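Me: I'd like to learn how to read a protein model feature by feature. Could you walk me through one, with the general idea first and the case at hand second?

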Amino acid sequence: MANHQDGECCLMCGIAGFISLTPLVQEQAVSIVTAMADHIRHRGPDAGGGWVDPAAGVALGHRRLSIVDLSSAGAQPMDSASGRYALVYNGEIYNHLDVRDALGGTSVPWRGHSDTETLLAAIEAWGIERALQVCVGMFAFALWDRREQALTLARDRMGEKPLYYGWQGQTLLFASEIKALYAHPAFERRINTDVLGNYFRFGNTPGRSSIWSGIGKLPSGTYLTYRRDAGRSLAEPVPYWSIDAAAAAGRADRFRGSVDDAADALGTVLGQAVGQQMVADVPLGAFLSGGIDSSTVVSQMQALSPRPIKTFTIGFEEPEYDESGHAEAVAAHLDTEHITLKLSAEDARATVPSLSALFDEPFGDTSAIPTLLVSRLARQEVTVALSGDGADELFAGYSRYHSPRMRRAWQFGQLAPAPLRTLAGRRIGGTAYPAAASRDPAAFLQGMYDLSLSQWWTPPVLGAEATVPVADTPRGIDPVGLMMRADMHRYLPDDILTKVDRTAMSVSLETRAPFLDHRVVEFAMRLPTALLVRDGVGKMPLRSLLYRSVPRAILERPKMGFAPPVDHWMRGPLRDWAEDLLSPESLGRSGFLDVAAIRKRWTAHLSGAENHRDPLWIALMFQSWLRENVA
């Protein structure tokens with residue numbers, strides 16, 4: 001066995017490795033796993049390491065971004081105290097000092113202060129599942145068990161940290177980002193055409209599949225164990241926590257009290273999460289949009305900090321898109337050290353062509369642009385930034401949850417028999433309406449909700465499936481709860497968390513989301529919709545909590561989101577770039593796309609008669625990704 005390490009380390013931020021069904025040549029395996037880790041060097045620019053067991057066919061690689069325990073005692077790959085386990089780990093365990101106390105505290109001969117060592121000790125003492133259930137944090141890891149000749153992959157509860165895996169020939173590959181897999185000679189760049197329809201509908205590849213054949217995502221809140229004697233057979237991932245189980249427990253133990261009572265309880269659990277996530281041996285700050293979610297996180301941080309928190313905002317030169325003034329007002333009230341960057345069309349021209357290189361898969365959310373730029377801005381000052389991500393999905397914040405269209409869909413679904421639901425669904429959505437959505441009112445609402453989020457009801461992909469499966473829905477969930485559930489299963493992990501992870505890690509910035517602490521999530525699941533929503537406005541307990549530190553007058557305004565003026569830019573500074581990617585020759589080159597359908601929307605958009613910003617952006621990002629990864 002060989003263990004090669006360089007530099008000092010801590011606990012972030014990228015892992016890679018493989019297990020081969022045939023024995024490895026040590027020098028060759030070290031070279032390959034090091035190259036895999038170096039492909040994601042941006043996730044951990046401070047140091048790297050590799051570990052190989054040639055006889056077992058196992059190789060583990062790691063890249064690090066120094067956050068906590070900057071000494072070499074936290075170096076990875078790391079062996080357990082007994083020597084049974086070897087671990088590569090990406091993430092943070094926020095309660096690792098409490099875990100250490102539970103394991104014996106100072107009576108244990110700890111080698112250092114890293115949570116990597118804590119995680120290994122917990123696994124050795126309690127086993128993998130209990131250790132995962134005890135740990136609070138965001139993480140993905142690969143663990144080799146020498147005694148059992150078994151590899152275990154695991155991912156955090158909410159999917160904050162990514163982990164891809166899959167067989168390529170006789171080799172099982174895994175990594176934090178797919179680009180690490182490119183460095184292994186067994187990897188085959190074969191596009192999984194089954195996901196293209198859903199990519200064009202939602203702007204991402206939802207669920208467990210990826211854009212590459214044979215490579216998938218480990219689901220949130222699960223672990224998977226592979227034993228070498230299983231050949232190419234992979235067991236199903238085992239859940240140790242799930243949104244649905246947390247929601248069921250919440251419905252069985254509903255919070256009883258007023259909005260103010262809920263705000264009190266939320267303040268306690270959120271304050272605990274924020275406090276633990278502020279622990280770092282490097283500069284720390286926060287993203288601040290001036291909205292309810294980020295303002296709440298910043299107000300909690302400032303209450304716990306003896307000095308002004310550093311906060312960061314992106315604005316736009318176009319006033320109808322610019323929220324930076326609201327963020328500056330909140331920052332001034334909370335007395336943070338605030339920095340604003342105004343994004344111009346020239347910034348967009350310089351940034352957009354490189355976006356596809358950041359993402360493992362085509363990614364069509366325009367808000368990736370400001371998210372990347374605010375991450376770059378923050379990284380000039382800090383190494384860790386907290387965000388307000390997850391609050392909309394947990395506390396009914398999106399206006400679409402309360403839209404008349406969704407309310408009518410729910411009412412119709414309850415009154416109409418299945419054949420009439422099918423007729424209405426087909427009339428509205430055509431072939432994009434899934435037949436399974438007619439089986440009951442909850443499924444009908446889910447089908448209508450999916451249609452409302454879809455940018456291409458008929459994807460411009462030759463031979464693509466136009467529908468997504470309609471999941472079984474638990475009984476006793478109201479319509480707002482059903483839509484929140486759908487977003488927590490798909491939109492949050494596949495769009496929001498993917499966007500934040502890839503853009504922030506591309507500049508070696510670690511982001512943390514206190515609302516996604518599972519204790520906050522489990523508390524939110526106890527809150528009935530009637531407590532969350534008043535007169536079509538959501539997040540009532542969260543608002544009540546924030547109004548105690550920031551005046552309502554500063555905060556109350558329509559929610560704008562984080563979308564830049566891409567529709568204008570595509571007709572102006574980005575037009576040449578877009579026209580190159582959307583030319584008939586470029587669109588037809590892959591053989592995947594309906595050239596006429598895309599060109600029709602592009603022509604209409606350029607004329608100014610119609611605005612097809614989102615569907616065209618999805619097409620542009622696919623074309624750009626193809627050119628970056630396939631051409």
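Reply: Happily; we will go from the whole chain to two helices and then to single residues. Keep in mind that this is a predicted model.

Me: Let's start with the overall picture. What radius of gyration does the chain have, and what would a compact globule of 631 residues have?

Reply: The idea is to compare the chain with a rule for globules. A compact globule with 631 residues would have a radius of gyration near 25 Å, and the chain has 24 Å, so the two agree. Along the principal axes, the C-alpha atoms fill a box of roughly 65 × 55 × 50 Å. The secondary structure comes to 26 helices and 18 strands.

Me: How many of the 631 residues are buried, as a percentage? And what does the surface look like in terms of atoms?

Reply: Buried here means under 20% relative accessible area. By that cut-off, 61% of the 631 residues in the chain are buried. The accessible surface comes to about 23,300 Å², and carbon and sulfur atoms account for 52% of that.

Me: What share of the contacts joins residues at least 24 apart in sequence?

Reply: For this, take the contacts between residues at least 6 apart in sequence: 75% of them join residues at least 24 apart. A single example of two positions separated along the chain is C13 and S176: they are 163 residues apart in sequence, while their C-alpha atoms are separated by 8.6 Å. C13 is found in strand β2 (residues 12-20) and is buried, with a relative accessible area of 0%.

Me: Now a helix. How do I check the length of α25?

Reply: Compare the expected span with the distance between the end C-alpha atoms. Helix α25 covers residues 595-607, and at 1.5 Å a residue its 13 residues should span 18 Å; the end C-alpha atoms are 18 Å apart, which agrees.

Me: Which residues of α25 are buried, and where do they fall around the axis?

Reply: The buried ones are I598, W602, A604 and H605. Seen down the axis of α25, they fall within an arc of 165 degrees, so they line one face of the helix. The face turned away from that buried side carries the exposed residues A596, K600 and S607. Cover for the buried residues includes α22 (566-571), α23 (575-581), α24 (584-589) and α26 (613-629).

Me: What happens at the two ends of α25?

Reply: At the N-terminal end, D594 acts as a cap, with a side-chain oxygen 3.3 Å from the backbone nitrogen of A596. Just after the helix, G608 takes a positive phi of about 85 degrees.

Me: How many of the 13 residues of α16 are buried?

Reply: In α16, 10 of the 13 residues are buried, so this helix is largely enclosed by the rest of the structure. Among them are F444, M448, Y449 and D450. Elements covering the buried residues of α16 include α6 (196-202), α14 (404-415), α15 (418-429) and α17 (479-506). The helix runs over residues 441-453 and reaches 19 Å from its first C-alpha to its last, close to the 18 Å expected. Its N-terminal cap is D440, whose side-chain oxygen lies 3.1 Å from the backbone nitrogen of A442.

Me: Why would I look twice at a positive phi?

Reply: Because most residues other than glycine have a negative phi. Q149 has a positive phi of about 50 degrees although it is not a glycine. Q149 sits in the loop between β7 (137-145) and β8 (150-155) and is partly exposed, at 30% relative accessible area. Phi of D535 is also positive, near 55 degrees. D535 lies in the loop between α19 (529-532) and α20 (540-546), and this residue is exposed at 81%.

Me: One last feature: which backbone atoms do the side chains of Q277 and S508 reach?

Reply: When a side chain is buried, look for its polar partners. Q277, in helix α8 (residues 259-277), counts as buried at 2% relative accessibility. Its side chain reaches the backbone nitrogen of A513 at 3.4 Å, and residues touching Q277 include Y94, L386 and D517. S508, in the loop between α17 and β18 (510-512), is buried at 9%. The side chain of S508 reaches the backbone oxygen of H42 at 2.6 Å.

Definitions and conventions. Residues are numbered from 1 along each chain as its sequence is written. This is a predicted model: local features need pLDDT of at least 70, side-chain atom pairs count only at pLDDT 80 or more; totals for chains, interfaces and linings use all residues. Side-chain values use heavy atoms; hydrogens and water are left out. Helices (H or I, at least four residues) and strands (E, at least two) are DSSP runs, numbered from the N terminus. The expected span of a helix is 1.5 Å times one less than its number of residues. Buried means under 20% relative accessible area, exposed over 50%, partly exposed in between (1.4 Å probe, protein chains only). The arc is that of the directions from the helix axis to the C-beta atoms. Contact means heavy atoms within 4.5 Å. A polar contact is a pair of N or O atoms within 3.5 Å; within protein, one must be able to donate a hydrogen and the other to accept it, and residues adjacent in sequence count only if both atoms are side-chain atoms. The radius of gyration is taken over C-alpha atoms; the globule rule is 2.2 Å times the number of residues to the power 0.38. Accessible areas come from the Shrake-Rupley method with a 1.4 Å probe; for residues, only the protein chains shown count as cover. Lists of a residue's contacts leave out its neighbours within four places in sequence.
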